[in-house]
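Open the model in your viewer and keep the selection box at hand. The tour goes stop by stop: select, look, move on.

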Amino acid sequence: MTLAHKMVEGSFRAGPPDAPRKTLFDKAATYTAAREVQAAGVYPYFAPIEESTTSEVRIGGAWKIMLGSNNYLGLTHHPDVLAACAAALKKYGSGSTGSRLLNGTIDLHEELEARLAKLMRKEAALVFTTGFQTSLGVIATLVGRGDHVYLDKLDHACIVDGARLALGDVHRYGHNDVAQLERQLAAAPADAGKLVVTDGVFSMEGTIVDLPGVAATARRHGAALLVDDAHALGVLGDDGSGTARHFEMEDQVDLVMATFSKSLASVGGVVAGPEDVLHYLRHHARALIFTASMPPSSTAGTLAALDVMAKEPERRTRLWANTRRMADGLAAVGLAPGHAETPILPVVVGALPRTLRIWRYLFDAGVFVHPVVPPAVPPNDCRIRLSMTAEHTFEQIDRVVEAFADAVQRVPA
Ligand SMILES: Cc1ncc(COP(=O)(O)O)c(C=O)c1O
């Protein structure tokens, strides 16, 4: 028994003394799944990276091709980005030590907001410390008692949690199921506040939202539309501004949120939209007000990444060429990545044990990927998820395809 258990035993008993003991930490004591997977040598999480380049990482002393990052444009090691981070460290120090509302706003935050508002063709933008917090802040602040919020069932966890925090009613519709969304919207009082929230690119499937369908449905029912472009910023649209640009529907999306932790190679989040809405969020979003702001070096790095994104559009071209090379290569060995329409390529390989063994085989062969397992997917529908960067070489991609084909042959179904 751990010290923590002993402490809880003494102070948090549920029910009378002769009832079976139920302590707060019982769930931890009986949680064995991860330890069993660790003991079997196929535990795929929390592997500490010792060193990295844009397309490779060193783990346990061995270099592996990275197919599990969100570094779509390959900017994490770009000299301009690194130089901007270093200069900001020197100028502003290592941390903001306060909230945006109080002492934590620096001029670079405002510069970043102006840049992103322009890129996303919105009146204004507001920068949060992470994308997750952006979602919590926006949804929980806007959706009050009596309001309704509608989520695609594959929306990211931060959207689900933002809706949980909100005081309004939450509805979930099937993935891109516009007919179900229509029915749900029609069932709510006509004069209730309504917000539809969807990922632009769905992070586990690699699919793109049916924006024409979702936007038209939302509009018909007077609902506002918020698109989470975490995986679309830098990837979709001729200027990399995301899903709305991809569909040429910028005026149909009320609010766009995104993260800097993927294409922009940093950490932080943003929401862009009408000035008065952002003014309101600025003064009411608890996830903005009661947390320290984005660190200066991350802010400067994000600005530099935006510069590189604009100056080097060939990165997006390379990203898509790499995506095609990988998707075609996998299809040629019988491993076509489902319905993926983006640089996120999920390959269905079967049940959990096989998926973890394939993951381990690839890891030992020098390929870093992510298994996607229940509850994210049905039990026999587990995937190996690959995500591409502009910095992969064709030679690396071909090596991965070969290793993957080998892995599925050697690990029986
Ligand atoms: C769709 C989506 N939204 C939001 C987030 C959160 O972003 P951040 O890493 O900035 O918290 C993620 C990150 O995984 C994501 O995939």
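Start with E5. This is a predicted model, and in it E5 and strand E6 (residues 169-173) pair in the parallel sense, over 5 bridges. Show both strands as cartoon, then pick out histidine 148. Its bridge partner in E6 is aspartate 169.

Now add strand E7, residues 194-199. E5 pairs with E7 too, again in the parallel sense, here over 4 bridges. Go back to histidine 148. In E7, lysine 194 stands opposite histidine 148.

Stay on E5 and switch on side chains for residues 148-152. Which residues point one way from E5, and which the other way? His148, Tyr150 and Asp152 take one side. Val149 and Leu151 take the other. Buried or exposed, then? All of them are buried. With 5 of its 5 residues buried, the strand is therefore largely enclosed by the rest of the structure. The cut-off for buried is under 20% relative accessible area.

Next, select helix H7, residues 157-165. Together, E5, H7 and E6 form a β-α-β unit, and the unit is right-handed. Keep H7 coloured; the next stop uses it again.

Turn to the largest pocket. Its volume is about 880 Å³. Select Ser203, Met204, Val372, Ala376 and Val377: of the 33 lining residues, these are the closest to the pocket's centre. Which element gives the largest share of the lining? H7 does, with 4 residues. Strand E13 (370-372) and strand E14 (382-387) are also on the list of elements that each supply at least two lining residues. Colour the lining by residue class. You should get 18 nonpolar, 6 polar and 9 charged residues.

From the pocket, follow E13 and E14 into their sheet. The sheet is open, has 3 strands in the order E11-E14-E13, and is paired antiparallel. Strand E11 (344-350) and E13 are the edge strands, each pairing on one side only. Look at the twist: neighbouring strands are turned by 30 degrees against each other on average, direction ignored. Zoom in on E11 and E14. They pair in the antiparallel sense over 6 bridges. Select glycine 350, and its bridge partner in E14 turns out to be cysteine 382.

Now a hairpin. Select strand E2 (residues 56-59) and strand E3 (residues 62-66). The two run antiparallel and are joined by 4 bridges. Isoleucine 59 stands opposite alanine 62 in E3. How many residues lie between the strands of this hairpin? There are 2. Check the backbone at glycine 60, which takes a positive phi near 55 degrees.

Keep E3 and add strand E12, residues 367-368. Here the pairing is parallel, over 2 bridges. Isoleucine 65 has valine 367 in E12 as its bridge partner.

Last stop: proline 79. Its place is in helix H4, residues 79-92. Turn on the surface. Proline 79 has a relative accessible area of 57%, so it counts as exposed; the cut-off for that class is over 50%. Finally, draw a distance from proline 79 to alanine 304. Their C-alpha atoms are separated by 9.7 Å, although the two residues are 225 residues apart along the chain.

Terms used: Residues numbered from 1 in each chain as written. Predicted model: local features only at pLDDT ≥ 70, side-chain atom pairs only at ≥ 80, totals over all residues. Heavy atoms only, no water. Buried < 20%, exposed > 50% of the residue type's maximum accessible area, 1.4 Å probe, protein only. Pairing = 2+ DSSP bridges. Right-handed = clockwise from strand over helix to strand, strands pointing away. 1 Å grid on protein atoms, 1.4 Å probe; cavity = no way out; pocket = protein on both sides within 12 Å on 5 of 7 lines; lining within 4 Å. Points joined across faces, edges and corners; volume = space filled by probe spheres on them. Nonpolar A, V, L, I, M, F, W, Y, C, P; charged D, E, K, R; others polar. Axes fitted to C-alpha atoms, helices over the stretch in contact; angles between N-to-C directions.
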